[in-house]
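Biologist: I am new to this structure and should be grateful for a close look at a single part of it, namely its open and enclosed spaces together with the elements around them. Please begin with any term that the account requires.

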Amino acid sequence: MQRMDNDMPFLLQYENVAWYENGKVRILDRRIYPTEVSFVTCTSYREVVQAIADMVTQSAGPYTAVGMGMALAAYECRDRTGEEQAAFLKQAAWDLAHARPTTANRYGIITNHCAEAAARAREEGKDPIEAIVEETVASLNRRYHTMQIVGDHLAGLIPDKGTILTQCFGETIIGTVIRAAKKANKEFRVFCAETRPYLQGARLTSSCFAQMGLDTTVISDNMVAYSMEREGIDLFTSAADSIARDGHIANKIGTFQAAILAKYFGIPYFVTGIPDADKKTKDDIVIEMRDPSQVLSYRGIHNTLPEVKAIYPSFDVVPPHLISGVVTDKGVYSPYVLNQYFDTEVRNFY
């Protein structure tokens, strides 16, 4: 099977996201990359669930991890009857999909496809484990292919020799917009907001852009206004963990305030991604609340006195009036007419 991860940064190559082999799933630990290149090894699908919940991998990384986790689940139940295997995989599909609540709908599409692939394999006398791995790679290919179209559209919005600001780690869109820009011989600078508290923008996004040869600068999250005013930011862009039909989007905490600043400075904000068919309004978006201790410390070093409290909402919701356009595989939509995306056939994204 041809793969779509060619010419991608290290972080976006399939085996460097999550990979099943010989009864184990290996997941790159993005919590410490690039300080260390280390992998977490899971020997049960429930360990994959925990790894996703603990943000060993995040952004679009769990899309790969849940599929490979399903292969591991199939390995765990390989000696059971067909009926017992089906029940085990059904439970695994639910557990993996709900490792993180905000994107459970997207993960669920992948895990259910994997369970269906295993069922077909059993009926045909084939290996369910291999079938799930093949389905996961096929899903990756579909997503990378679709996001390349999105990346092509986004690259067309970036001025040549312009400067963009990113928020958090947009994963696939980063690789695809780089490929699109290189194909068009377009150059641009990148400013990456660090994205507290896990610093995905500083550690992951900047690594991808710098590795692929782009002029890359990291700023702390409280430097966004300064940079927009004084560093020539032409465009602010982010991916989205949820895109509701009414034009509200959810992305890494801090996106809302950056969007407000972009509006103030007259800088367009373009969201990239595929709208969620099952999320009609912002009320359908679930905001994951994480352990506040992750705000009070970093890599084991406490930043506050013991009596200090914190909150850690993973995402915030940006309203449509702050969004210049939602960049999809079908083109760029005003957030106010985003529901029209579903008027024509929707590509199989997962």
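Modeller: A pocket here is an open set of grid points with protein on both sides within 12 Å along at least five of seven lines, and a residue lines a pocket when one of its atoms is within 4 Å of a point. The model is predicted.

With that term in place, the second largest pocket can be described. Its volume is about 160 Å³. The residues that line this pocket are Ala117, Arg120, Ala121, Glu124, Lys126, Asp127, Glu130, Ala131, Glu134 and Glu135. By class, the lining has seven charged residues, three nonpolar ones and no polar ones. Two helices, H4 (104-123) and H5 (128-157), each give at least two residues to this lining. H5 provides the largest share, with four residues.

The largest pocket holds about 240 Å³ of space. It is lined by 14 residues, and those closest to its centre are Ile109, Pro275, Asp276, Ala277 and Tyr350. Its lining divides into eight nonpolar, three polar and three charged residues.

Helix H5, already met at the second largest pocket, also leads to a sheet. H5 lies across the strands E7 (235-238), E10 (269-272), E14 and E15, and it runs at about 135° to E14. These four strands belong to an open sheet of seven, whose order is E6-E5-E4-E7-E10-E14-E15 and whose pairing is mixed. At the edges of the sheet are strand E6 (215-219) and strand E15 (331-333), each of which pairs on one side only. From one strand to the next, the twist averages 25°.

At the E15 edge, strand E14 (residues 325-328) is joined to E15 by three bridges, and the two strands run antiparallel. In one of these pairings, Val327 has Val332 of E15 as its bridge partner. Towards the other edge, helix H7 (residues 200-211) lies across strand E4 (162-166), strand E5 (188-193) and E6. The angle between H7 and E5 is about 165°.

The enclosed spaces involve several of these elements again. A cavity is a set of points where a 1.4 Å probe fits but cannot get out. The structure holds four cavities of 30 Å³ or more. The largest cavity contains about 360 Å³ of space. Its lining consists of 28 residues, with Ser59, Ala60, Ala239, Ala240 and Asp241 nearest its centre. At least two lining residues come from each of H5, helix H6 (172-183) and strand E9 (249-252). H5 therefore contributes to a lining here as well as to that of the second largest pocket, given how lining residues are defined. The lining of the largest cavity comprises 13 nonpolar, ten polar and five charged residues.

The second largest cavity contains about 110 Å³. Among its 15 lining residues, Thr166, Ile173, Ile174, Phe209 and Thr237 lie nearest the centre. The elements that give two or more residues to this lining are E4, H6, H7 and E7. H6 supplies the largest share, three residues. Two of the contributing elements, strands E4 and E7, are neighbours in the order of the open sheet. The lining has eight nonpolar and seven polar residues, and no charged ones, whereas seven charged residues are found in the lining of the second largest pocket.

How values were computed. Residues are numbered from 1 along each chain as its sequence is written. This is a predicted model: local features need pLDDT of at least 70, side-chain atom pairs count only at pLDDT 80 or more; totals for chains, interfaces and linings use all residues. Side-chain values use heavy atoms; hydrogens and water are left out. On a 1 Å grid over the protein atoms alone, a cavity is a set of points where a 1.4 Å probe fits but cannot get out, and a pocket is an open set with protein on both sides within 12 Å along at least five of seven lines; lining residues have an atom within 4 Å of a point. Grid points are joined across faces, edges and corners, and a volume is the space filled by probe spheres set on the points. Ala, Val, Leu, Ile, Met, Phe, Trp, Tyr, Cys and Pro count as nonpolar, Asp, Glu, Lys and Arg as charged, and the others, Gly among them, as polar. Two strands pair if DSSP finds at least two bridges between them. Axes are lines fitted to C-alpha atoms, for helices over the stretch in contact, and angles run from 0 to 180 degrees between N-to-C directions. Contact means heavy atoms within 4.5 Å.
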